[in-house]
Amino acid sequence: MERNGFTLYIRADGNERIGTGHIMRCLAIAQAIKRQGGNAVFLVAEEALEPLIGQHGFEAVCLKAQWNDLEQELEGLADLIRQEGIPVLLVDSYYVTPRYLETLGQYTKLAYIDDLGLCAYPVDLLIRYGLCTASAALKSRSARYPAGQSDRGCPCILEGRRYVPLQNQFSAVPRRETAGQAARILVLTGGTDPFHAALGIAEYAASAEKYRGLVFDIVCGRYNPDYERLRELAMENQQIEVHRNVTDMAGRMQEADIAITAGGTTVYELCACGTPSVCYVMADNQMPNARALAREGLMLYGGDVRQGHWQEEVFVRLDRLLADAGLRKEMAAGMQRLVDGKGADRIARALWRL
């Protein structure tokens, strides 16, 4: 790259309320920056994130701020940008405001990961990788950005599936060979599980005789509140296995015949691995992509865990996949065509060019 020693600064948060999705996708971009000869530093609101970020080889600076009120940190963060000579700041938070971005944009180049499309963001680089943009209003607001340009007059939009920021382990996954009979079901909720989805799925699976011959691999995220109860359930039922601090997620996904997953960035990891999936949602911003994947025949939609009887809906879809190896094979091929796992590298190259 043309700028030796380039350091990307990343403003993102994660906790038991919002999970770890923002941090994990930013870590994927940070790793891509590092592979290309640069480095990354994370700016976070809370100290609790420092071990997770450090585990991946990056420094975290705690701003001692409010993760859900970013304007409170403006003065201190602007001072830090000036003092450190921060060249580029990548922001990944649903709590940005135009004032927040406009203020920081006076001192550094700005990039923003946009899932919601709530306004025309005053940034230099906008990343919109969702299969389906979360806000229907986004299409009408896209006209505010001339092709390839932002309000700041710089190349702006990286849009679509080529820019899904995944960990490097998802970039060279072989084409899936579909087994005639499914045996392992991978259950994923993301970093948190406020509606106890993993526990609900595990209890339902344990109570039904017809699932006795299967293994349900429950992956507990960092903030899953039901880890101990799930471990107890696993000791009582041999078809339930519980895993935590999984580092080789691509390997887990490749071993699984089917996944039951929340509708966050994990769906793109499953696409890269070609793991046929039932996708449920636990937040409004997961709904558009989950429905879009279902419309394209790439996943089966298992409903909203915030509504009643959602387990039945999930397991009806699971039964369909268990019964139809042809559907699983077709789904796997389509999923791997959708996502190649190289999006983080493409984003990193664009950030270098700012």
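The following dialogue discusses how to read several features of a predicted model.

Biologist: What is the radius of gyration of the protein, and how many helices and strands does the protein have?

Modeller: The predicted model has 13 helices and 13 strands. Its radius of gyration is 20 Å, close to the 20 Å that the globule rule gives for 354 residues, so the protein is as compact as a globular protein of that length. Along the principal axes, the C-alpha atoms fill a box of roughly 65 × 40 × 40 Å.

Biologist: Which percentage of the residues is buried?

Modeller: Buried residues account for 57% of the 354 residues. As for contacts between residues at least 6 apart in sequence, 66% of them join residues at least 24 apart.

Biologist: In what order do the seven strands of the open sheet lie?

Modeller: Strands of a sheet pair through backbone hydrogen bonds, either parallel or antiparallel. Here the pairing is parallel, and the order is β3-β2-β1-β4-β5-β6-β7. The edges are β3 (59-62) and β7 (157-159); each has a single partner strand, so one side of each is left without a neighbour in the sheet. On average, neighbouring strands of this sheet are turned by 20° against each other, direction ignored.

Biologist: How many bridges join β4 to β5?

Modeller: Four bridges join β4 (residues 88-92) to β5 (residues 109-113), and the two strands run parallel. As one example of a bridge partner, L89 is matched with L110 in β5.

Biologist: Which strands does helix α13 lie across?

Modeller: Helix α13 (residues 343-353) lies across β1 (7-12), β4, β5, β6 (125-128) and β7. With respect to β6, this helix runs at about 170°.

Biologist: How many aromatic pairs are there, and how should one of them be read?

Modeller: A pair is recognised when ring centres lie within 6.5 Å, and the angle between the planes then gives its class. The count comes to 10 aromatic pairs. In the pair of F6 and W352, the ring centres are 4.8 Å apart and the planes stand at 45°, so the pair is tilted. F6 belongs to the segment before β1 and W352 to helix α13, so the pair ties together parts that are 346 residues apart in sequence. Both F6 and W352 are buried. Y112 and Y121 also form a tilted pair, with 4.7 Å centre to centre and 50° between the planes. Y112 is buried, with a relative accessible area of 2%, and Y121 is buried at 4%.

Biologist: Which residues do ring pairs link into a cluster?

Modeller: The cluster consists of Y204, Y211, F216 and F315, linked by ring pairs.

Biologist: Where do R82 and R244 lie with respect to aromatic rings?

Modeller: R82 lies over the face of Y107, at 4.8 Å from the ring centre. R244 lies over the face of Y227, at 4.1 Å from the ring centre.

Biologist: What is phi of N245, and is N245 buried or exposed?

Modeller: Phi of N245 is near 55°, a positive value in a residue other than glycine. N245 is found in the loop between β10 (240-244) and α8 (249-255). Exposed means over 50% relative accessible area; N245, at 66%, therefore counts as exposed.

Biologist: Where is H309 found, and what is its phi?

Modeller: H309 is found in the loop between β13 (300-304) and α11 (310-323). Its phi is near 60°, a positive value in a residue other than glycine. H309 is exposed, with a relative accessible area of 62%.

Methods: Residues are numbered from 1 along each chain as its sequence is written. This is a predicted model: local features need pLDDT of at least 70, side-chain atom pairs count only at pLDDT 80 or more; totals for chains, interfaces and linings use all residues. Side-chain values use heavy atoms; hydrogens and water are left out. Two strands pair if DSSP finds at least two bridges between them. Axes are lines fitted to C-alpha atoms, for helices over the stretch in contact, and angles run from 0 to 180 degrees between N-to-C directions. Contact means heavy atoms within 4.5 Å. Rings of Phe, Tyr and Trp (its six-membered ring) pair if their centres lie within 6.5 Å; planes under 30 degrees apart count as stacked, over 60 as edge-to-face and the rest as tilted. Buried means under 20% relative accessible area, exposed over 50%, partly exposed in between (1.4 Å probe, protein chains only). A charge sits over a ring if NZ of Lys or CZ of Arg is within 6 Å of the ring centre and within 35 degrees of the ring normal. The radius of gyration is taken over C-alpha atoms; the globule rule is 2.2 Å times the number of residues to the power 0.38.
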